[in-house]
Amino acid sequence: MTSSLFQPCTIPGHKLKNRFAMAPMTRARATADGTPTDIMTTYYEQRSEAGLIISEGTNITPQGQGFPNTPGIFRDSHVEGWKKVTDRVHVAGSCFFLQLWHVGRIGHPDSMGPGLQPLAPSAIAFERDVMTATGLKPAPQPRAMEQEEIDATVADYAKAAERALEAGCDGVEIHAANGYLPGQFLHQSSNKRTDKYGGSIENRVRFVTEVAQACADAVGAGKVGIRLTPLSGFNGAFSDDEPALYRHLLQCLANIGLLYVHVVGAEIAGNRTRDAEECTDIPNVAEFTRPLWPNTLIVGGDYTRQKAQAALDETGVDLVAFGRDFIGNPDLVTRLREGHPLTPRTPEAWYGSGAEGYTDFPRFDGEDR
């Protein structure tokens with residue numbers, strides 16, 4: 001009997017050809033002004049064996065851009081560039097969601113528009129270097145957001161969601177994972193506010209729920225998902241009350257009626273899997289989330305075919321997101337279904353320009369090596 005991982009399925013409003021999601025992954029192949037390039041169209045088309053493709057993080061404003069050559073969705077040229085992607089992906093029979101990204105404090109003015117600087121809930125610097133067009137530089141201290149800037153940013157998310165649908169996307173995913181702006185509001189480590197956005201759990205989830213509600217109002221809750229990294233601590237995002245924080249947040253998001261929640265295992269730290277010694281007593285995020293979330297649940301985190309099928313059968317998740325193995329294996333679904341070997345990961349080529357390490361990976365040629 002064929003594994004259910006490979007069978008068509010339906011999530012509300014969307015028919016998918018399998019239960020694979022391609023996870024969002026920054027690849028830095030857009031133009032300097034954030035316009036998607038033709039090579040990006042080829043890249044996503046090549047990987048359209050996945051039932052659902054979630055785009056790389058896509059900047060909602062110049063203010064929210066953290067890294068060079070990442071795509072945007074705030075200009076007409078961005079919309080036109082993404083239309084080329086969605087047209088090709090839809091012809092291949094896949095569903096395409098655009099991930100909406102604002103980095104908050106994890107950025108540098110060199111990667112933003114002229115005269116802009118990082119904004120965050122509080123004026124607490126991210127204690128790591130960040131990539132710029134001229135190399136790694138220390139992240140500067142951000143400026144704490146004023147109320148009008150919070151309101152404007154919430155509106156920017158809603159406008160970005162509208163533009164995504166203009167570009168032919170089937171929906172959007174709010175990037176509230178990995179310690180970027182929404183996560184910075186959630187966590188005590190980056191949020192020291194004393195107004196209605198800080199302090200209590202109810203206050204710290206306010207920004208995320210306002211963003212989710214604004215996107216739902218703009219395009220419909222059935223076209224909005226959200227990505228979370230509960231219990232992770234990555235990029236300095238941690239709180240003493242994290243389990244209670246995420247329980248409350250998931251209830252708020254369920255009340256809005258979002259289409260899906262996409263959670264990533266706590267053993268994942270950005271683009272790498274933590275070493276075994278780092279993973280002692282790591283909680284199972286999928287098992288934590290499933291009882292708390294009534295709608296579609298996507299899980300990600302270094303999954304194999306066997307681990308993915310177990311998550312479907314035993315935990316009751318709906319889709320499984322594969323990320324890094326989709327980079328070198330555009331035909332990942334076929335390879336896993338037929339038991340063919342995977343192309344090894346090559347992290348040194350993940351970020352850059354041009355086809356090398358991006359669109360030059362072949363499909364399996366029929367010979368096991």
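In strand S5, Trp101 is the bridge partner of Asn59, and this pair offers a convenient way into the predicted model described here. The pairing to which the two residues belong joins S4 and S5, which run parallel over 6 bridges. On its other side, S4 meets S3, again in the parallel sense, over 2 bridges. Here Ala21 stands opposite Leu52 of S4. How many of the residues of S4 are buried? The count is 8 of 8, so S4 is largely enclosed by the rest of the structure.

These pairings are part of a closed arrangement. A barrel is formed by 8 strands, taken in the order S3-S4-S5-S10-S11-S12-S15-S16, with parallel pairing. Neighbouring strands of this sheet are turned against each other by 25° on average, with direction ignored. Helix H1, which covers residues 38-46, packs on the sheet and touches S3 (20-22), S4 (52-59) and S5 (95-101). The direction of H1 makes about 150° with that of S4.

Further along the barrel order, S11 (residues 224-228) pairs with S12 (residues 260-264) in the parallel sense, over 4 bridges. Leu228 stands opposite Val263 of S12 in this pairing. S12 in turn pairs with S15, also in the parallel sense, over 5 bridges. At that junction Tyr260 is found opposite Thr296 of S15. S15 and S16 run parallel and are joined by 3 bridges, with Leu319 of S16 serving as the bridge partner of Ile298.

S15 deserves a closer look. In a regular strand, side chains alternate between the two faces of the sheet. In S15, Thr296, Ile298 and Gly300 point one way, whereas Leu297 and Val299 point the other way. Both groups are buried, and the strand is accordingly described as mostly covered, with 5 of its 5 residues buried.

S15 also helps to cover a helix. Helix H9 spans residues 305-315, and its buried residues are Ala308, Gln309, Ala311, Leu312 and Thr315. An α-helix has 3.6 residues a turn, so residues three or four places apart point the same way. What covers the buried residues of H9? The cover includes helix H8 (285-289) together with strands S15 (296-300) and S16 (319-322). Gly316 follows H9 and has a positive phi, near 80°.

Two individual residues illustrate burial at the level of side chains. The first topic is Thr86, which lies in helix H2 (residues 76-91). Thr86 counts as buried because its relative accessibility is 0%, and the cut-off for burial is under 20%. Its side chain reaches the backbone oxygen of Lys83 at 3.2 Å. Leaving aside residues up to four places away in sequence, Thr86 touches Phe96, Ala167, Gly168 and Cys169. Of these, Phe96 falls within the range of S5, residues 95-101.

The other residue is Tyr358, placed in the segment after helix H11 (332-338). Is Tyr358 buried or exposed? Tyr358 is buried, with a relative accessible area of 0%. With residues up to four places away in sequence not counted, Tyr358 touches Arg27, Arg29, Ile39, Met40, Tyr43, Gln46, Arg47 and Ile327. Among them, Ile39, Met40, Tyr43 and Gln46 fall within the range given for H1, residues 38-46. Tyr358 and Gly72 are 286 residues apart along the chain, and their C-alpha atoms are separated by 19 Å.

The chain as a whole can now be put around these details. It holds 11 helices and 16 strands. The radius of gyration is 19 Å, close to the 21 Å that the globule rule gives for 369 residues, so the chain is as compact as a globular protein of that length. Along its principal axes, the C-alpha trace spans about 60 × 45 × 40 Å. Buried residues account for 59% of the 369 residues. Among contacts with a separation of 6 or more, 72% involve residues 24 or more positions apart. The accessible surface comes to about 14,400 Å², and carbon and sulfur atoms contribute 50% of that area.

How values were computed
Residues numbered from 1 in each chain as written. Predicted model: local features only at pLDDT ≥ 70, side-chain atom pairs only at ≥ 80, totals over all residues. Heavy atoms only, no water. Pairing = 2+ DSSP bridges. Axes fitted to C-alpha atoms, helices over the stretch in contact; angles between N-to-C directions. Contact = heavy atoms within 4.5 Å. Buried < 20%, exposed > 50% of the residue type's maximum accessible area, 1.4 Å probe, protein only. Polar contact = N/O pair within 3.5 Å; in protein donor to acceptor, adjacent residues only side chain to side chain. Rg over C-alpha atoms; globule rule 2.2 N^0.38 Å. Areas by Shrake-Rupley, 256 points an atom, 1.4 Å probe, with all protein chains shown as cover.
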